[in-house]
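Biologist: I would like a close look at one part of this model, the pairing of its charged side chains. Please describe the setting of each pair as well.

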Amino acid sequence: MHSTLPLDFLCGCLRHSDHDRDGSVWNFGRSKKTQPDWQKILRLADGHSVLPLLYHRLQEKGSLPSLPEDLQELLAGIHHLNTLRNTLILEEINRLAPLLNSEGIEPVFVKGSAAL
């Protein structure tokens, strides 16, 4: 069993690659003994709405192949749906902003839409 607590492990995974101190969070293999408790980690990630980011960071580090196949597929599916949703939001922003601007209204986008 992986010795890192689920929240510590999740935070380590989400940390930008430039801030990965010793790479230890990425040292897990395919055997059940070296895998972290993914069920707890996914529950935490979902509760904090960072599942797509978790997928991105694991992909960025080349660690996805070390995950169980069903977990890889789940995270890839969530990431794909998130990408589709973000594309729709961005299209809506690009459609609405000019309409509002033409009426002298400067929209202020917040939260996720501001990041897009």
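Modeller: A residue is called buried under 20% relative accessible area, exposed over 50% and partly exposed in between (1.4 Å probe, protein chains only). The model is predicted, so local features need pLDDT of at least 70 and side-chain atom pairs pLDDT 80 or more, while totals for chains, interfaces and linings use all residues. Residues are numbered from 1 along each chain as its sequence is written, and side-chain values use heavy atoms, without hydrogens and water.

I begin with the frame that holds the pairs. The protein has five helices and zero strands (DSSP runs, H or I of at least four residues for helices, E of at least two for strands, numbered from the N terminus). In sequence order this gives α-α-α-α-α. Of the 116 residues, 28% are buried. The accessible surface is about 7800 Å² by the Shrake-Rupley method with a 1.4 Å probe, and carbon and sulfur atoms account for 56% of that surface.

Now the pairs themselves. Side chains of opposite charge can pair when their charged atoms come close. Over the whole structure, the search finds three salt bridges (a side-chain nitrogen of Lys or Arg within 4 Å of a carboxyl oxygen of Asp or Glu).

Arg95 and Glu92 form one of the salt bridges, at 2.7 Å from N to O. Both residues belong to helix α4 and sit three residues apart, about one turn of the helix. Arg95 has a relative accessibility of 44%, so Arg95 is partly exposed. Glu92 is also classed as partly exposed because its relative accessibility is 36%.

Arg57 and Glu60 form another, with 3.6 Å between N and O. Their helix is α3, residues 51-60, and here too the spacing is three residues, about one turn. The two partners fall into separate classes: Arg57 is buried, at 12%, whereas Glu60 is partly exposed, at 36%.

Lys40 and Asp37 make a salt bridge as well, their closest N and O atoms lying 3.9 Å apart. Lys40 has a relative accessible area of 42% and is therefore partly exposed. Asp37, at 24%, is partly exposed too.

Lys40 falls within the residue range of helix α2, which is 38-47, and this helix packs against α3. Their axes (lines fitted to C-alpha atoms over the stretch in contact, with angles from 0 to 180 degrees between N-to-C directions) come within 8 Å and cross at roughly 125 degrees. That angle makes α2 oblique to α3, because under 35 degrees is roughly parallel, over 145 roughly antiparallel, 65 to 115 roughly perpendicular and the rest oblique. On the α2 side the contacts (heavy atoms within 4.5 Å) involve Trp38, Ile41, Leu42, Ala45 and Asp46. On the α3 side they involve Leu51, Leu54 and Leu58.

Helices α2 and α3 also have a part in covering α1, since they are among the elements that cover its buried residues. Helix α1 spans residues 6-14, and its buried residues are Phe9, Leu10, Gly12, Cys13 and Leu14. Across the protein, residues 24 or more positions apart make up 63% of the contacts with a separation of 6 or more.

The loops on either side of α3 each have a residue to note. Ser49 lies in the loop between α2 and α3. Its phi is near 55 degrees, a positive value in a residue other than glycine, and Ser49 is exposed at 65%. Lys61 lies in the loop between α3 and α4 and is partly exposed at 29%. The C-alpha atoms of Lys61 and His16 are separated by 9.8 Å, with their positions 45 residues apart along the chain.

Last comes the α4 region that holds the Arg95 pair. Leu96, Leu99, Leu100 and Ile105 make a nonpolar surface patch of about 310 Å². Patch members have over 30% relative accessible area and no salt bridge; like charges are joined within 9 Å, and nonpolar side chains (Val, Leu, Ile, Met, Phe, Trp, Tyr) within 5 Å. Leu100 belongs to helix α4, residues 69-102, and is partly exposed at 31%. Asn101 is in α4 as well and is partly exposed, at 44%. Leaving out residues up to four places away in sequence, Asn101 touches Glu106 and Pro107.
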